[in-house]
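Welcome, and thanks for taking a look at this model. Below is a short tour of its confidence, its helices and the way its side chains pack.

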Amino acid sequence: MEMIKQILTAFRSGLPNDSKTAAAIDRGAGTEEIAHCANEEQLHALAGALFEALEEQDHASGEDSDCRVTSQLASRLREFRSQMPAESATAQAIDRGATIEEISEAAQEEGLSSLTAMLFEAEQEAARTKG
């Protein structure tokens with residue numbers, strides 16, 4: 001939980017006061033809600049950092065996060081997709097149901113680092129469950 005507080009503190013100072021994400025942080029909203037607001041406001045670095053911190057927290061507490069990552073991947077892809085223009089190669093890959101690897105490659109080429117990190121984590125989780 002300390003890592004999440006540090007992330008929020010670091011990002012909060014750079015957010016305008018009328019931001020939904022800032023308001024969520026200021027009122028002490030849950031991490032998932034803050035991540036959702038950040039994603040809506042295209043603050044993908046913050047959303048990605050929170051996602052990774054939640055994963056680390058789950059791993060440290062001994063929870064099995066494999067299913068959680070897999071079950072939430074489609075939802076998170078839809079969230080990211082809603083923020084992308086139709087001409088984006090990443091958006092087109094998501095729309096056609098491309099593999100995680102293809103979507104990740106397109107996201108990396110377009111500089112969508114938080115999406116790339118999320119997909120990389122999903123690929124690793126899938127490899128662990130197969131292995």
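## Confidence first

Let's start with where the prediction is surest: helix 2 (residues 20–26) has the highest mean pLDDT among the elements of the protein, at 93, and helix 5 (residues 66–82) has the lowest, at 65. Here pLDDT is the predictor's confidence in each residue, from 0 to 100, and helices (H or I, at least four residues) and strands (E, at least two) are DSSP runs, numbered from the N terminus. Over residues 63–69 the pLDDT is below 50, yet this stretch has 14 contacts in the model beyond near neighbours in sequence; a contact means heavy atoms within 4.5 Å. The average pLDDT of the protein is 78, with 82% of the residues at 70 or above.

A word on conventions: this is a predicted model, in which local features need pLDDT of at least 70 and side-chain atom pairs count only at pLDDT 80 or more, while totals for chains, interfaces and linings use all residues. Residues are numbered from 1 along each chain as its sequence is written, and side-chain values use heavy atoms, with hydrogens and water left out.

## Overall make-up

The protein has eight helices and zero strands. Of its 131 residues, 42% are buried, where buried means under 20% relative accessible area, exposed over 50%, and partly exposed in between (1.4 Å probe, protein chains only). Among contacts with a separation of 6 or more, 46% join residues 24 or more positions apart.

## The two sides of helix 1

Which residues of helix 1 (residues 2–12) are buried? They are Ile4, Ile7, Leu8 and Arg12. These residues lie on the same side of helix 1 because they cover an arc of only 120° around the axis, the arc being that of the directions from the helix axis to the C-beta atoms. The face turned away from this buried side carries the exposed residues Glu2, Gln6, Thr9 and Ala10.

## Nonpolar cores

A nonpolar core is a set of buried Ala, Val, Leu, Ile, Met, Phe, Trp, Tyr and Cys residues joined through side-chain atoms within 4.5 Å. The largest one has 17 residues, of which Ile4, Leu8, Ile34, Leu46 and Leu50 touch the most other members. Helix 1, helix 2, helix 3 (31–40) and helix 4 (44–60) each give two or more residues to this core, and helix 4 gives the most, with five.

Leaving aside neighbours within four places in sequence, Leu8 is in contact with Ile25, Ile34, Leu46 and Leu50. Apart from the largest core lies another, of 15 residues, among them Leu77, Phe80, Ala91 and Ala98.
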